[in-house]
Amino acid sequence: KGFPETTTLDELEEFFEDKGKCVNIKMRKTLGEIRTFKGSVFVEFETKEEADAFVARKDLKFKENELTCMTRDEYLKSKRGNRNSGMNTSSTDEDKTAVKKESQKGDEYPKGRVIHFSGAGDQTSREDIKEIFGVEGCTVKWVTFSKGDKEGFVRFTNDGGAEKSMKAVLEKNDNKLKLRGEETTLRVIEGDEEKDYWKKTREDMENFHKNKKGGKKPYRGNMKRGRQDNKTKEEPPVKQAKSDTQQ
């Protein structure tokens, strides 16, 4: 805990990206009609070793904010201690529910951040798309598109950013946007399509971590074999030297 209340899920994903293989992030929020981020999260790593390594880090910070980290067991133990000592535990039920759900992947995802577009000129680039949709108050986080594709997705950093950007872009272009000469259709994805988009995004992140880790192994293996080869080559002269001495 210790994250600013304005922190977004995208920022959390970036923060945990190099801290081990993170498979799920649960942002804890207040109860009520308007739910706001409480500044703490439940994070699930792929292995216990990765979780322990993260908790063991010293002086962990998010931007300029110092963070407090503990394992799930330590967290629940502290909550039980507070309850037994008579301290205010009005959020205990919420905390227990959050812990039970922390391993349920895909239940939580940002809303209203993604535009789907179809119809793009052959020379359309990701830079073109970023420039067009990055209107005031709407920061483009990621563009899923390759040159030559006819459709793709634009993801924003803030909830509701997709609708705001789309309206601004259409108003600026008399409701007829063209990408490199091709008339383009825009829509904000919702419902199951939006959920599937975030599921696919998280799967891609997991695969990225797997490939990144896998790429290091051959290098280590070659180094190890190299040391063994050097040792083998050096042994005969040493043995020969001993023989000469004995003679």
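Exposed residues are those with over 50% relative accessible area, and buried residues those under 20%. In this predicted model, helix α5 shows both classes. Glu127 and Glu131 are exposed on one side of α5. The buried residues of α5 are Asp128, Ile129 and Phe133. They fall on the same side of the helix, because they cover an arc of only 110° around its axis. An α-helix has 3.6 residues a turn, so residues three or four places apart point the same way. The buried residues of α5 pack against two helix and strand groups: the strands β5, β6, β7 and β10, and the helix α6.

The overall composition is as follows. The protein chain has 247 residues, of which 32% are buried. Its secondary structure comes to eight helices and ten strands. Among contacts with a separation of 6 or more, 64% join residues 24 or more positions apart.

Confidence varies along the chain. The mean pLDDT is 77, and 72% of residues reach 70 or more. Two stretches stay under 50. One of them is residues 94-106, for which the model has 30 contacts beyond four places in sequence. The other is residues 216-235, for which the model has zero such contacts. Part of helix α4, which spans 92-101, falls within residues 94-106.

The largest nonpolar core has 18 residues. Ile115, Phe117, Ile129, Phe133, Val154, Phe156 and Leu186 touch the most other members. Six elements each supply at least two residues of this core: β5 (114-118), α5 (126-133), β6 (140-144), β7 (151-156), α6 (161-172) and β10 (185-188). The largest share, three residues, comes from α6. Ile129 and Phe133 thus appear both in this core and among the buried residues of α5.

Phe117 illustrates the packing. Beyond its neighbours within four places in sequence, Phe117 is in contact with Ile129, Val154 and Leu186, among others. Its other partners include Phe145, Lys150, Glu151, Gly152 and Phe153. Leu179, Thr184 and Thr185 also belong to the list. A second, separate core has 15 residues, including Ile25, Met27, Phe37 and Leu60.

Pro110 lies outside the regular elements. Its place is in the loop between α4 and β5. Pro110 is nevertheless buried, because its relative accessible area is 6%, against a cut-off of 20%. Leaving aside neighbours within four places in sequence, Pro110 is in contact with Leu9, Asp159, Glu194, Trp198 and Arg202. Trp198 is 88 residues away from Pro110 in sequence. The C-alpha atoms of the two residues are 8.3 Å apart.

Enclosed space was examined next. The structure holds one cavity of 30 Å³ or more. The largest cavity contains about 170 Å³ of space. It is lined by 13 residues. Glu13, Cys22, Val23, Ile25 and Met205 lie nearest its centre. Helix α1, strand β1 (22-29) and helix α7 each give two or more residues to this lining. Ile25 is thus found both in the cavity lining and in the second core.

The second largest pocket has a volume of about 450 Å³. Of its 17 lining residues, Trp142, Arg155, Thr201, Asp204 and Met205 are the closest to its centre. The elements α1 (9-16), β6, β7 and α7 (191-214) each supply at least two lining residues. Eight residues, the largest share, come from α7. Met205 is listed close to the centre of this pocket and also near the centre of the largest cavity.

Two loop residues other than glycine have positive phi values. Lys63 has phi near 60°. Its place is in the loop between β3 (61-62) and β4 (65-66). Lys63 is exposed, because its relative accessible area is 58% and the cut-off is 50%. Asn175 has phi near 65°. Asn175 sits in the loop between α6 and β8 (178-179). At 58% relative accessibility, Asn175 also counts as exposed.

Conventions. Residues are numbered from 1 along each chain as its sequence is written. This is a predicted model: local features need pLDDT of at least 70, side-chain atom pairs count only at pLDDT 80 or more; totals for chains, interfaces and linings use all residues. Side-chain values use heavy atoms; hydrogens and water are left out. A nonpolar core is a set of buried Ala, Val, Leu, Ile, Met, Phe, Trp, Tyr and Cys residues joined through side-chain atoms within 4.5 Å. Buried means under 20% relative accessible area, exposed over 50%, partly exposed in between (1.4 Å probe, protein chains only). Helices (H or I, at least four residues) and strands (E, at least two) are DSSP runs, numbered from the N terminus. Contact means heavy atoms within 4.5 Å. pLDDT is the predictor's confidence in each residue, from 0 to 100. The arc is that of the directions from the helix axis to the C-beta atoms. On a 1 Å grid over the protein atoms alone, a cavity is a set of points where a 1.4 Å probe fits but cannot get out, and a pocket is an open set with protein on both sides within 12 Å along at least five of seven lines; lining residues have an atom within 4 Å of a point. Grid points are joined across faces, edges and corners, and a volume is the space filled by probe spheres set on the points.
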